[in-house]
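Please take a moment to look over the sequence and the structure shown below before reading on. The paragraphs that follow lead from single residues to a helix and then to the ligand.

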Amino acid sequence: MHTISIISDVVKANLFQQKNDAAIEHLLSDSRKLLFPASTLFFALDGPRRNGTSFIGELYNKGVKNFVVNESFSVTDATQYSEANFLQVKDVLHALHLLAAFHRSQFDIPVIGITGSNGKTIVKEWLYQLLHEDFTIVRSPKSYNSKIGVPLSVWQINEQHTLGIFEAGISQPDEMQQLQKMIDPTVGIFTNIGQAHNEGFLNIRQKVNEKLKLFVHSELLIYCADNPDVNEAVATFANNVRTDKGLQLFSWSKKSAATLQVTSVEHTEENTTIQANYGSENISCVIPFTDEASIENAITCWCYLLHLQVNNNVIAERMLQLRNVEMRLELKQGINNCSVINDSYSADINSLTIALDFLSQQQQHPTRTLILSDILQSGKNSGELYADVASVLQQKGIGRFIGIGPEISKHATAFKNIPQTVFFSSTNDFKQQFYSLHFFNETILLKGARVFEFEQISHLLEQKVHQTVLEINLNAVTHNLKFYQQQLNPGVKLMAMVKAFSYGSGGFEIANLLQFHKVDYLAVAYTDEGVELRKAGITLPIMVMNAEESTFDVMVQYNLEPELFSFNILNGFKKYLEQNGVSYYPVHIKIDTGMHRLGFEKNEIELLGDQLHQSTTFKVQSVFSHLAASDADVHDGFTKIQAQSFLESCVVLQEKLGYMFIRHIANTSAIHRHKDLQLDMVRLGIGLYGVDNSESVQPNLKNVTTLKTTISQIKKVKAGESVGYSRKGIAAKDSVIATVRIGYADGYPRALSNGGGKMWVNQQLVPVIGNVCMDMTMLDVTGVQVDEGDDVIVFGEVLPVNDLAQWSGTIPYEILTGISQRVKRVYYEE
Ligand SMILES: *Cc1c(COP(=O)(O)O)cnc(C)c1O
């Protein structure tokens, strides 16, 4: 906690309009995440589309009274907010960094800084698992490792903590110095180096050197010496840095002499035994993992425990207890029409807040429920802690609260303002009462510290699913949305196309996210789709492109806005509205400029204008047209003609109507290929879902959907034997066949039979053999190491949906929207 006057000095601000010397406990950079207004300091960071200062009014009204602003904000702007303190600085982000660095400098505790391409979060969480009995640990929530995540993480340090563990991630040169000042690690861990985020760097060596800058003041550096780039860079670095105490290097290697020299790695089905030479000792440990990455991460953690001189027996015992780190938040279908978010690998107030944000975005069920265990190691006294938790729960709209554990039960009264509460002293007690708790139609968040074993609860709550699932990465949707937003000219609105279950990616889950990120409009194909969104709590305006006479009543009941594309539909809707005494109902006018699908013809525009002008039944919200070939240069001439004709029609309509409406014609491809056609709004479709026809754009998008299945059986066939229906697949030689749980009824095209399609199994592409069946497909996995039950990727990041589309002679749109509803959708946030 620091006062405004101290903070003002630290960040070198011009403090104006000081009203009081408020004590600041919370830093805020995202206005949607406000929790404790009175003690919050808001950093008005500019985003790609909005000035940070544009959130001040809203936050002020919610009780925030302290703001860091840049010089575009003037003293006169401030007078509207008479109760507020303003700290004016040149660079708001830099101010946040200065403050975090100052806060860090107040604590003289060991701090571990972790960087590297992969494994940062796992190593951090595992060190926590291994050391939480010996230290009171403060650590980055999830993977908060960016230039905004790091300061917010460091700000959590308080007097109770005896060890800090923070991760640092960079994507371009010059970022690490900033992060170094805030984390100022006494101990460095360099996990490894990979190809990720190479764009910002000249080469691997430059990337390694940049990352090493995190350790300029460290006393110890732990790293793996097996990558020559890392090894050489560390040696040079160690020679050049001048820390007071010198930099001690702690290397590990599987290949050569090192501080910890790994001599053997052997695994069974479930465990891996690692043996090593350390000094003159021969030591070993066993971890409950067998994959390469986990082994590396575990060795890295082992090094630090050895450095701390933890007893070898204790190390062995704790290593065997290491548990998976669930890195992402997933929304799963639960029993009795519930949705379940299982985030039960940790329980601390920061990760709780992140999970609650995810929960509060879910509108699909009337009740939001939290099941929470005791929070361990908060560094606060439990009275204050649970009072804070209760206040957060109230703000996040928790309707039902279930507390599990002796501590939280003791503080039951803190939660008296939550509508429904119940407490149990242990997970077992909860399980005994499970059926009497009647979970029905609610979104349930599970958040429990490891010792409470909440996996027992998730087993009870989650529905068992068919093993073919479509995973949807919600962060990727957000990323893609932001990418296209950055392509927009100033002031251009965005309509997101969520027709056909959001191109197969699900309905309300995607719409929810888009609503959260404040797109301007949604569009669906049919009224039913719009009704579903409204029922799930979507309040954004929704355009319905294929309005039918029979659905006019629900259209109006659910406040959906039809596209009027012919006089027939216009007159029908008009009659309906008049009979029901509705006037100025919002509608959208579609003009056909060459697509020849739906829309008024050019020669009908005058008449249309006259009719609309005379009528008080409608309010024209927008006028639009659709481009037939915005993605193809050969048709750019045609696109221009379409646009020209559209704009002429708009002029006519504008004159007749006498008021302005939104004009739009650009779909995904047109957004960047025809910037001048963005007009007042664009309609973003397939790009949102990670696919763009343009080769220059595709690398900027993130993969959204992954279709996964599993192997149900593996069999051997002899050369010449046949596989599947009609004996179409003949084994050319003795072969191994894997049958997977997906067929054309799931949307896997039958055109991919007989080698036409391939799937990704154990890091390799393998061909389909024989005909694709209704519910199953056979793969030729000869020579690939596979087991029954293994995951198989049908498409995803490693196998673009575009490839599948090409193999089956179609377009990605058809593959995505063709995945049947029996394939369960699982949504996650990283
Ligand atoms: C589907 C659709 C879009 C979106 O097209 P994408 O190519 O997916 O961006 C835009 N406008 C209309 C009228 C559509 O039907």
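A residue is called buried when its relative accessible area is under 20%, exposed when it is over 50%, and partly exposed in between. The model in front of you is a predicted one, and these words will be used for it throughout.

With that cut-off in hand, we can turn to Asp 174, which sits in the loop between strand S10 (163-167) and helix H7 (176-183). Asp 174 has a relative accessible area of 54%, and therefore counts as exposed. Its backbone deserves a look as well, since the phi angle of Asp 174 is near 80°, a positive value in a residue other than glycine. A positive phi is also found at Asn 336, again a residue other than glycine, where the angle is near 50°. Asn 336 belongs to the loop between strand S17 (329-333) and strand S18 (339-342), and because its relative accessibility is 41%, it is classed as partly exposed.

Two further loop residues can be read in this way. Lys 416, in the loop between helix H14 (406-410) and strand S21 (420-424), is exposed, with a relative accessible area of 65%. If you trace the chain from Thr 40 to Lys 416, the two are 376 residues apart, and their C-alpha atoms are separated by 25 Å. Ala 536, which lies in the loop between helix H20 (527-535) and strand S26 (542-544), has a relative accessibility of 4% and so counts as buried. Leaving out residues up to four places away in sequence, Ala 536 touches Gln 363, Gln 364 and Phe 508. The C-alpha atom of Ala 536 is 9.0 Å from that of Glu 509, a residue 27 places away along the chain.

From the loops we move to helices, starting with Asn 512 in helix H19 (residues 508-516). Asn 512 is buried, its relative accessible area being 4%. Beyond its neighbours within four places in sequence, Asn 512 is in contact with Gln 361, Gln 362, Gln 363, Gln 364 and Ile 538.

Which residues of helix H23 are buried? In this helix, which spans residues 605-614, they are Ile 605, Leu 608, Gly 609 and Leu 612. These four lie on the same side of H23, because they cover an arc of only 100° around the axis. The spacing behind such a pattern is a general one: an α-helix has 3.6 residues a turn, so residues three or four places apart point the same way. The cover over the buried residues of H23 includes helix H22 (567-579), strand S28 (585-590), strand S29 (618-624) and helix H24 (636-657).

Finally, consider the ligand and the residues around it. Among them are Met 497, Lys 499, Tyr 503, Arg 597, His 626 and Asn 667, as well as Gly 685, Ile 686 and Tyr 813. Sorted by class, this shell holds 5 nonpolar, 4 polar and 3 charged residues. Some of the polar approaches can be followed atom by atom: a backbone N or O atom of Gly 685 is 3.1 Å from an oxygen atom of the ligand, and a polar backbone atom of Ile 686 is 2.8 Å from a ligand oxygen atom. Tyr 813 contributes a polar side-chain atom, which lies 2.7 Å from an oxygen atom of the ligand. On its own, the ligand has 390 Å² of accessible area, and the protein covers 95% of that.

Key:
Residues numbered from 1 in each chain as written. Predicted model: local features only at pLDDT ≥ 70, side-chain atom pairs only at ≥ 80, totals over all residues. Heavy atoms only, no water. Buried < 20%, exposed > 50% of the residue type's maximum accessible area, 1.4 Å probe, protein only. Helix = DSSP H or I, 4+ residues; strand = E, 2+ residues; numbered from the N terminus. Arc of directions from axis to C-beta. Contact = heavy atoms within 4.5 Å. Near = heavy atom within 4 Å. Polar contact = N/O pair within 3.5 Å; in protein donor to acceptor, adjacent residues only side chain to side chain. Areas by Shrake-Rupley, 256 points an atom, 1.4 Å probe, with all protein chains shown as cover. Nonpolar A, V, L, I, M, F, W, Y, C, P; charged D, E, K, R; others polar.
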